Amino acid sequence: MASSAGDYIVSEQRGILYVVATPIGNLGDISMRAKEVLASVDLVAAEDTRHSRKLLTHLGLEKKLISLHEHNEITRIPEIIQLLADGQCIALISDAGTPLLSDPGYRLLKAMREQSLQAVPVPGPSALTAALSVAGLPTDRFVFEGFLPSKSIARVGHLKSLLAEPRTMVFYEAPHRLQKTLDDMAQILGGDRPACLARELTKKFETVYHGTLDELAARAKCESDMRRGELVIVISGADSAPSTLVQDVSALLNELLTELPPAKAARIASRLSGLPRQEVYALATRLAGKQ
Ligand code: SAM
């Protein structure tokens, strides 16, 4: 098919893996190019073949499908690499959105890179960019955090490591963990942080909630709908990049707080850093809240 600049749709080369983004809910979001690529390939590697069969049927396509998911990705790699080396063209899709973004595919792409095999992106929907585009928070720099650890201690530890992060942060979250996660975020990152919860994007019950972390956490407690469906949390970065000194003090406090009460820990950290005791104490109580 055509490959001149501007109307390049499907490569003339063989042995290519197309990484194809598919809708995150609204089937109308499939791109024309994604359709053409899916129609052209010899094989579609999908996270859940039954789920993806429905999308292909909707597009009027009958394609050979193989599964590639978290649990079989490693064992599938040699087979896919061989098919590509034999000149087959394959499309990689996930259940929704862009493959590899909190979805399988990284290990395959890494193996392909090692063998100098070619991958071609077919960009399109992702909950990450959809949520960022409506959050009303800075988008010049952001950090994608994916899913936080599900265990409380690990989640809290990870949030603490983000306390001084100046870029907008984007998290995926499961509905049954939303309340706990919002509570932890408010407690650790500060309840007054501007944030956004984007729910069921592109679908019938799409809702975008704006507010501070405290407001979102309080609202989630009262509105059970907020805890339903698919969710993205977007949070403003720390006001201004704190100095390395403040970051060092946070790390020091985290250590001291494992042995000492906040007041004592703050006194020592203030003495060592030269930062005002009150400021260090405020940081210590915030960090101690979730030790
Ligand atoms: N690869 C996908 C992408 O590009 O967005 C993400 C896959 S990840 C396994 C699924 C998570 O993405 C969901 O738990 C939710 O956090 C987010 N998500 C997916 N679809 C969404 C939607 N329509 N609205 C809000 N969040 C969504």
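**Three domains and two open sheets**

The domain assignment divides this protein into domain 1 (3-125), domain 2 (128-235) and domain 3 (244-290), with bounds that come from an automatic or database domain assignment. Between the centres of domain 1 and domain 3, taken over C-alpha atoms, the separation is 49 Å. This is a predicted model, in which local features need pLDDT of at least 70 and side-chain atom pairs count only at pLDDT 80 or more, while totals for chains, interfaces and linings use all residues. Residues are numbered from 1 along each chain as its sequence is written, and side-chain values use heavy atoms, with hydrogens and water left out.

The average pLDDT (the predictor's confidence in each residue, from 0 to 100) is 93 for the protein, and 94% of the residues score at least 70. Over residues 1-5, however, pLDDT stays under 50, and the model has ten contacts beyond four places in sequence for this stretch, a contact meaning heavy atoms within 4.5 Å. Where pLDDT is low, the predicted coordinates should not be read in detail.

One open sheet has five strands in the order β3-β2-β4-β1-β5, with parallel pairing; two strands pair if DSSP finds at least two bridges between them. Helices (H or I, at least four residues) and strands (E, at least two) are DSSP runs, numbered from the N terminus. The edge strands of this sheet are β3 (65-67) and β5 (118-122), each of which pairs on one side only, and the twist from one strand to the next averages 25 degrees. Within the sheet, β1 (residues 16-20) and β4 (residues 90-93) pair in the parallel sense over three bridges, and Y18 stands opposite A91 in β4.

Helix α1 (residues 32-40) lies across β1, β2 (43-46), β4 and β5, and runs at about 140 degrees to β5; here axes are lines fitted to C-alpha atoms, for helices over the stretch in contact, and angles run from 0 to 180 degrees between N-to-C directions. Helix α4 also packs on the sheet, touching β1, β4 and β5, and its direction makes about 150 degrees with that of β1. The axes of α3 (residues 73-85) and α4 (residues 106-114) come within 9 Å and cross at roughly 45 degrees. The two helices are therefore oblique to each other, given that angles under 35 degrees count as roughly parallel, over 145 as roughly antiparallel, 65 to 115 as roughly perpendicular and the rest as oblique. Among the residues that make this contact are I77, I80 and L84 of α3 and L108, A111 and M112 of α4.

A further open sheet of five strands has the order β6-β7-β10-β8-β9, with mixed pairing. Its edges are β6 (142-147) and β9 (207-212), each with a single partner strand, so one side of each is left without a neighbour in the sheet. Neighbouring strands are turned by 15 degrees against each other on average, direction ignored. Strand β8 (residues 194-199) runs antiparallel to β9 and is joined to β9 by six bridges, with L197 standing opposite Y209 in β9.

Helix α8 (residues 213-222) packs on this sheet, where α8 touches β8, β9 and β10 and makes about 130 degrees with the direction of β9. Helix α7 (residues 178-189) lies across β7 (168-173), β8 and β10 (231-235), running at about 5 degrees to β10. Helix α6 (residues 152-161) packs with α7 at an angle of about 40 degrees, their axes 10 Å apart, which makes α6 oblique to α7. The residues in this contact include V156 and L159 of α6 and M185, I188 and L189 of α7.
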